[in-house]
2 protein chains.
Amino acid sequence: MNAQTNVTARVDQILGAFMAQQGRVVVLAPGSRSTPVALRVAQLAQAKQLELYVDVDERSAGFFALGLAKTRQQPVLLVCTSGTAAANFYPAICEAKISEVPLLVLTTDRPPELTKIGAPQALDQDHFYGQQVKAFWQLPLPSELAAEGDYTNMVVQRSVQTALTPPQGPIQLNLPLRKPLMPDLALPFQPVASLQQVTTTQTLAAQALTGLQGKRVLVIVGPHDTTSALTDFAAAAQRLGWPIWTDPLSQLRGAAATIGQADLMLKAAQGTLPTALQPEVILRLGGTLVSAAISDWLQAQTCPIYQVVMHADWPDHTLSTTVLLQSTLPALVPQLAALTPAPATWWAHWQAISAILAAALPAPTTRATLTEVGVPQVLARTLPANADIFISNSMPIRDMDDFYQPATATQRLFCNRGANGIDGIVSTALGMSTNSRPHYLVTGDLALFHDLNGLMLTQRYSLQLTVILLNNQGGGIFSFLPQHDEPAYFETVFGTPQTLDWAQVAALYHGRYQQATTSAALVAALAQPVQGLQLIEVPTQREANVAQHAAAVAQIQRALQESGWF
Amino acid sequence: MNAQTNVTARVDQILGAFMAQQGRVVVLAPGSRSTPVALRVAQLAQAKQLELYVDVDERSAGFFALGLAKTRQQPVLLVCTSGTAAANFYPAICEAKISEVPLLVLTTDRPPELTKIGAPQALDQDHFYGQQVKAFWQLPLPSELAAEGDYTNMVVQRSVQTALTPPQGPIQLNLPLRKPLMPDLALPFQPVASLQQVTTTQTLAAQALTGLQGKRVLVIVGPHDTTSALTDFAAAAQRLGWPIWTDPLSQLRGAAATIGQADLMLKAAQGTLPTALQPEVILRLGGTLVSAAISDWLQAQTCPIYQVVMHADWPDHTLSTTVLLQSTLPALVPQLAALTPAPATWWAHWQAISAILAAALPAPTTRATLTEVGVPQVLARTLPANADIFISNSMPIRDMDDFYQPATATQRLFCNRGANGIDGIVSTALGMSTNSRPHYLVTGDLALFHDLNGLMLTQRYSLQLTVILLNNQGGGIFSFLPQHDEPAYFETVFGTPQTLDWAQVAALYHGRYQQATTSAALVAALAQPVQGLQLIEVPTQREANVAQHAAAVAQIQRALQESGWF
């Protein structure tokens, strides 16, 4: 595609998203950099699809837009060129912030290569309005990448919702544009994007869910830290005959009639499900999924994908959601009662697959050397029903996703899955261990080393914590990534093996140390009464680990093929 | 004092500082909150002391000020009321930032209790212009506190220099004001402040230093990480007969004819020097002094205090500097050649005191229990001449200040004295240990624990580091502070004793561990060849430590009294 097509597409994504959110009014302060927006808006205004006001003085334009937004109770799109033009909006933005008026300020900008090197009319427009806007977004330069288009569309739709969420207020969208700036007005207006509909709690009624009526609905539940309303939802889903894929942090792993091994299944099936298992609609709940395989699979789906989000921060990095329900479970669950269940075969098919998956992975024999594949299986069976299990990033949580399959959903799993760091794991687990449930931490050696000092808190506050240390001598996850094929540098900058004697570490922090190389040994170690810190080291091998994971996937693959479904 | 006097004083400090930096032009956009500034400026303009322009439109006022500053090549003071008025300056500020025009923007603001709670015309003016200004300063509310007045004055003078330093640009000063806003115009204009003169390299000539001519000059040298030009300066000072007080981080501690124990001396003399030792002028160099006693003493001085600073960030939290030389040592040292030396008696007196101080503290006997007072003395004598010694905050650097007195200035001392943290001490020392000199770290147990993980780098990069651990079981410095008298809570929230076995720590990181309880043992431990990590633990007692420090001060006190000088 050429530059003209790309710039037209980007403008269409922005305007389309704005219009999808009931945006109708545009105020334009003319200039050069904003050329493609100005022309497209003028064309749409002539076609009565938008209402356009032009004001040559940006300060006045800002306040005019403010007045429009106040009377319409809808966000107005306020557009200007680059440079001090944007600064002239500042007074109106300050007023909008305090008086809670929804404004969508679209500042056009120079491309990166013209920033802060003396190019005319180019100033630093990044976070240009500081604390005076509710949010700032840097939009991507025009390109032919579909992901950037979907991203742009989602950002703009989300920005309208953010602007409208009380306290209402202004948002800055900064759009860099590179010359040539002329759009192709002969191209039809094409507001294509994955996100097609947003329903908020205010507008949530049974009709918002008619798309789920009698359909083969697949539910995917992501991380939840609390479970109250979720249990009601799961019961409703079961009544409707909707299978549920459970993230390891969903607090539903192991619940009746849920599928816990979707990640493994998709890896084994190389991302393609047989027709009988293909949903007509997908319904997502909860935070970002641990499973990259499921996220990838979502991106490849063409069916409608509903996502329930609690507020205007929409967690959908897959950009695959087509219908957003900005609501809460207590508001949603009652609406489900009115729906017709899925066809009975849909439920039956998934229960069959679920049984196949559950049987496919034989538990590690008691005397065989324990692996990172085996540990989650042992934990699921051995830890007490009321255990709180804190899981470290980055490999342990993935292993739990694939191989932790308890018989019931009474154990709770937690992880620092906001920023996915390996820092502060020990201290977070200890902070959580102050409740009355038995506490476990599953971690690699690198994360444990990173927060070693945190262990001091165990004794200081008489906390009880059992650490299951998967010691693969460094950053295990990197062995699964392409850099593993650079052996000359791999250990130095990725593997980073530490040289700690973990028995010494346990002694230093007055803990009990045990090593477990077999599942029998791990079970025995876990059976001992916990007094303060207990460190159970499970030595594993990074290289062998990759092979064991591959073997597990192959095993599932065989089971699926033998089932005749795949 | 009443509110009217206070607000008048604050305005006078601002305007006085602006005028002290050759500021003459004020552009005012009228409003209510800026009332006291507006009235005082109008009064001074009528008296021809300032040049005033009034423009009712703030956007226009901003650009008018920009034009004035461009033609005068001097900062213009641009004043407005609170609220969106300040936002109207934004376009001109953006232009000033890019075209490098010095502007001093004084935004008046609501007092804190009216911020963000719905008060009219009150928005968040904190960092209001984001990246578009070179600096942002929040000025203190009017008050009768002298320190706040001096602070205001220094901030405004410094802001002018910052605005003028290439690349020139705008600065925001935000001044909160509380009603009643009327100043007392009957009060004479009083731009009183400690800082009376600023000389930049451009204007630095011998005449800037005439105040030092033939005077009893006392030099105080603060932290320096490099020594090149400093040695030339010290030689010049010696030729002029100027005694030098050396901070432990000055890299001049132990140099010929310097006084290293000024902190102890001032503590012993309770902050008052006898007339014969009282300087006529003080000349300061380097960063913020470790010694609080010297800083306190500086604040009590009435003589001129010169300070040499390298750039427009003036490090003088004592607010006692009266003459600022914004220059460099290579520019300054040649100017010193033209000066007449101090009277011979001045030099002689200080050499006598220096000898008394040096003799006053007997070295710890080889078999007596080693204390935090004794360790620095042993290190000064025992470590190699080319040692690099990294010192931890917060107690060790103070102990080094008082008790580290080497015979020559060849050893180098370093410390993270920017933010004075106890985090990252081990890693910083190890980062420095990558040069070819022998490396030592002097630290308390709390700082060592804080960065314990850093020890891992020793083995990883085959570094050599000897750690002298002053283990007083927690935060030793707090025993010197008032909270020590709250025994019920002291250990929990200040003492925070750790329960680490340091021999185990050394073993964990493959280091050699030794304990030294006497100076003989410490000397022996330091004599051993260093291979990787060497950890020498010197156990001390927090309670005894306070008494030992007091005894050392008493010892110095007796020596000074016996000398007949004090």
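A polar contact here is a pair of N or O atoms within 3.5 Å; within protein, one must be able to donate a hydrogen and the other to accept it, and residues adjacent in sequence count only if both atoms are side-chain atoms. Keep that in mind for the first stop. The model is predicted, so local features need pLDDT of at least 70 and side-chain atom pairs count only at pLDDT 80 or more, while totals for chains, interfaces and linings use all residues. Residues are numbered from 1 along each chain as its sequence is written, chains are lettered from A and ligands numbered from 1 in the order in which they are written, and side-chain values use heavy atoms, with hydrogens and water left out.

**Stop 1: where the chains meet**

Colour chain A and chain B separately and select the residues in contact (heavy atoms within 4.5 Å). You should pick up 37 residues from chain A and 37 residues from chain B. Between chain A and chain B there are 12 residue pairs in polar contact, both residues being at pLDDT 80 or more.

Now show the helices of chain A; helices (H or I, at least four residues) and strands (E, at least two) are DSSP runs, numbered from the N terminus. Helices H4 (84-88), H5 (90-99), H15 (445-450), H16 (456-460) and H18 (502-508) of chain A each supply at least two residues of the side that touches chain B. H5(A) gives the most to that side, with 5 residues. Colour the side of chain A that touches chain B by class and you will find 18 nonpolar, 12 polar and 7 charged residues. In this scheme Ala, Val, Leu, Ile, Met, Phe, Trp, Tyr, Cys and Pro count as nonpolar, Asp, Glu, Lys and Arg as charged, and the others, Gly among them, as polar.

The area buried between chain A and chain B is about 3000 Å², and carbon and sulfur atoms give 55% of it. Buried area is the accessible area (1.4 Å probe) that two parts lose on being put together, summed over both.

**Stop 2: salt bridges**

A salt bridge is a side-chain nitrogen of Lys or Arg within 4 Å of a carboxyl oxygen of Asp or Glu. The rule finds 2 across the interface of chain A and chain B. Select A:Arg59 and B:Asp57: they form a salt bridge, with the closest N and O atoms 2.7 Å apart.

A search of the whole structure gives 30 salt bridges over all chains. For one within a chain, pick A:Asp402 and A:Lys267, whose closest N and O atoms are 2.9 Å apart. This pair links distant parts of the chain, 135 residues apart: A:Asp402 is in helix H13 (residues 395-403) of chain A and A:Lys267 in helix H8 (residues 262-268) of chain A.

**Stop 3: the symmetry axis**

Superpose the copies by least squares on the C-alpha atoms of residues with pLDDT of at least 70 in both. A rotation of 180° with 0.1 Å of shift along its axis brings chain A onto chain B (RMSD 0.1 Å). The two copies are therefore related as by a two-fold rotation axis. The same surface serves both copies, as 100% of the contact residues of chain A recur in chain B. To find the axis, centre on A:Gly130, the residue of chain A that comes closest to it, at 3.0 Å (C-alpha).

**Stop 4: backbone details**

Zoom in on A:Pro166 and A:Pro167, where the peptide bond is cis, with omega near -10°. A:Pro167 sits in the loop between helix H6 (146-164) and strand E6 (170-176) of chain A.

Then move to chain B. The peptide bond from B:Lys179 to B:Pro180 is cis, with omega near 5°, and B:Pro180 is in the loop between strand E6 (170-176) and strand E7 (197-200) of chain B.
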